[in-house]
Structure formats: structure tokens, C-alpha cells
Amino acid sequence: MCDIMHSQYRELITIAQISFRRFAPEAEQRIQGDYFMRHMDEQLQQLLERLLLMGRLAESMIELALRSLIERNELLSDAIYQKEKEVNELQIEIDDSAVKLTALQQPVGGDVRFLFMASRIATELERIGDQAVNIIQNASHVMKAPALKPLVDLPVMGEIIEKMVRNSLDSLVARDCSLATRVLEEEDKVDAYRDLIFRVLLTYMMADPGTIERALSLILISRNLERVGDHATNIAEEVIYLVEGREVRHRHESASA
């Protein structure tokens, strides 16, 4: 009787060993898969954080450029040029990270869209920084002479632009398409201020040729701000594509067709 029980016990051990050898690789694969997924998620989160840091820097550059113009303070330009270096370095870092993650981790689905989107948004943010530099350079011509007129419309336009940039980045963090859509809706308001500023300054130039240089510089600043709004709009469009997979980049062409 004992011999029979001992034999049955050995058979159970053998079956258990066979089952373990059969299923252990699958369990190990699942563990490795979970580890790589967590690792990938951490790297994507780090990439997002670098992107947001770049966005905050670009936004602060626009704020400083407008402050320099409004307060007629050329000393603020040094801070803008320093931030430009940081923005450029972050763009290179983000592009490099996106390429490496794509090549080494072989992401799929939404992760792939995010990596491609991260590179495109980094490009938009770098161009926002470039526009801040353009604003400070154009402002230097305005500050060489007495104020042409009280600055009213440009500061208001600047506030709208800064909010567009901020909301486009917030929509990315929250993956909020309704907030991204509100950014798109602000575009017409920005265009209206650009046209208003041009008309007002044109009257100054026609009345007094001595105002032409300052007026043209202010017109160029309004165009710089408009371009910042365009870049904020592009970021919002990327967010909508990331979250919903919906392409809205050529909505104006579709509406007019």
C-alpha cells in the first residue's frame, strides 16, 4: 500500500515538473512584458514632462518679450536669449528621445502617435521661441524713439496669444479635446486684432512719415504674435489627433471647398 502511494506521489511530482517547464516560459514572458510596459510608460511620461518644460519656457519668452515692449526695458532681452538656448537644447533632446524610443521599444497604437506628435510639438514650441526673439528685435526699433502711441491692442492680443499657448499645453496634459478646440476658435480673434493694429498704424504712417519705422516695427510684432497663435493652434490640432485620431489640420480648406 505504501509502495503504491509512493509511486502515485512520484507521478504527481513528475506531472507538476512537466507543467512547470511548460508554463514557466509563458509566465516569464508575462513578467518581462509587464516590466517593459512599465518602463515604456515611465519613459513616455518623462518625455511629456520635458515637452511641458519646453512649453513653459517658450510661453515665458513671449511674456518677457511683450513686457520688454510695454515697459520699454531692453534689459529683458538677455533673459529671452538665455531661454532660447534652453528651448533649442530641449528640442534636440526630445527629438532624440522620440527616435530612440521608436527604434528600441517598437511602440504600437497610441504610443506611436504620441512619439511622432512629441517631435512635431517640440518643433512648434521652438518656433514660438523664435518668434519671441523676433518680437524683442523688432521692439528695439520701437524703443529707439518716443512712444508712437499708447499700446492698447498689442497687449490685449498678446494676452490672447499667451492663453492659447497655455491652453494648448494644458489640453495635452489633460488630453482634453474640448480645450484644444477652444484654442482653434481663438484664431479668428487673433486675426481680427492683427488687422485692426495694421489699420490704426497705417493712419499714423500716412499722416507723418517720421513714424514709419516705429509703426512698421509694431506691425511686424503683431505678425510675430499671429505666428505664435498659429503654432499654438498647430499644437491643439496635434492633441485632437492624438486623443481622437481625428485630422483637423486642413479644416479651413475643407470648409471653403
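Which residues touch the most other members of the largest nonpolar core? In this predicted model, they are Leu125, Leu172 and Leu225, and the core in question holds 67 residues.

**The nonpolar core**

Seven helices take part in this core: α1, α2, α3 (110–142), α4, α5, α6 and α7 each supply at least two of its residues. The most is given by α1, which provides 15 residues. Leu225 shows how separate parts of the chain meet. Once its neighbours within four places in sequence are set aside, Leu225 is in contact with Ile62, Leu66, Ile135, Leu154, Met157, Gly158 and Ile161.

**Packing of α6 against α7**

Two packed helices are described by the angle between their axes and the distance between the axes. For α6 (residues 187–207) and α7 (residues 212–244), the angle is about 175 degrees and the axes lie 9 Å apart. Because angles over 145 degrees count as roughly antiparallel, α6 is roughly antiparallel to α7.

On the α6 side, the contact is made by Glu187, Val190, Asp191, Arg194, Ile197, Phe198, Leu201 and Met205. The residues contributed by α7 are Ile212, Ala215, Leu216, Leu218, Ile219, Ser222, Arg223, Glu226, Asp230 and Thr233. By class, the residues of this contact comprise 10 nonpolar, 2 polar and 6 charged.

**Positive phi at two arginines**

Two loop residues have a positive phi although neither is a glycine, namely Arg72 and Arg175. Their values and places are set out below.

| Residue | Phi | Loop between | Relative accessible area |
|---|---|---|---|
| Arg72 | about 55 degrees | α1 (2–71) and α2 (77–105) | 35% |
| Arg175 | about 50 degrees | α4 (153–174) and α5 (177–185) | 46% |

Are these side chains buried, exposed or partly exposed? The range for partly exposed runs from 20% to 50% relative accessible area, so Arg72, at 35%, is partly exposed. Arg175, at 46%, is likewise partly exposed.

**Confidence of the model**

The chain has a mean pLDDT of 85, and 81% of its residues reach 70 or more. Where does pLDDT stay under 50? This is the case over residues 27–33, for which the model has 0 contacts beyond four places in sequence. Where pLDDT is low, the predicted coordinates should not be read in detail.

Notes: Residues numbered from 1 in each chain as written. Predicted model: local features only at pLDDT ≥ 70, side-chain atom pairs only at ≥ 80, totals over all residues. Heavy atoms only, no water. Helix = DSSP H or I, 4+ residues; strand = E, 2+ residues; numbered from the N terminus. Buried < 20%, exposed > 50% of the residue type's maximum accessible area, 1.4 Å probe, protein only. Axes fitted to C-alpha atoms, helices over the stretch in contact; angles between N-to-C directions. Parallel < 35°, antiparallel > 145°, perpendicular 65-115°, else oblique. Contact = heavy atoms within 4.5 Å. Nonpolar A, V, L, I, M, F, W, Y, C, P; charged D, E, K, R; others polar. pLDDT = per-residue confidence, 0-100. Core = buried A, V, L, I, M, F, W, Y, C linked by side-chain atoms within 4.5 Å.
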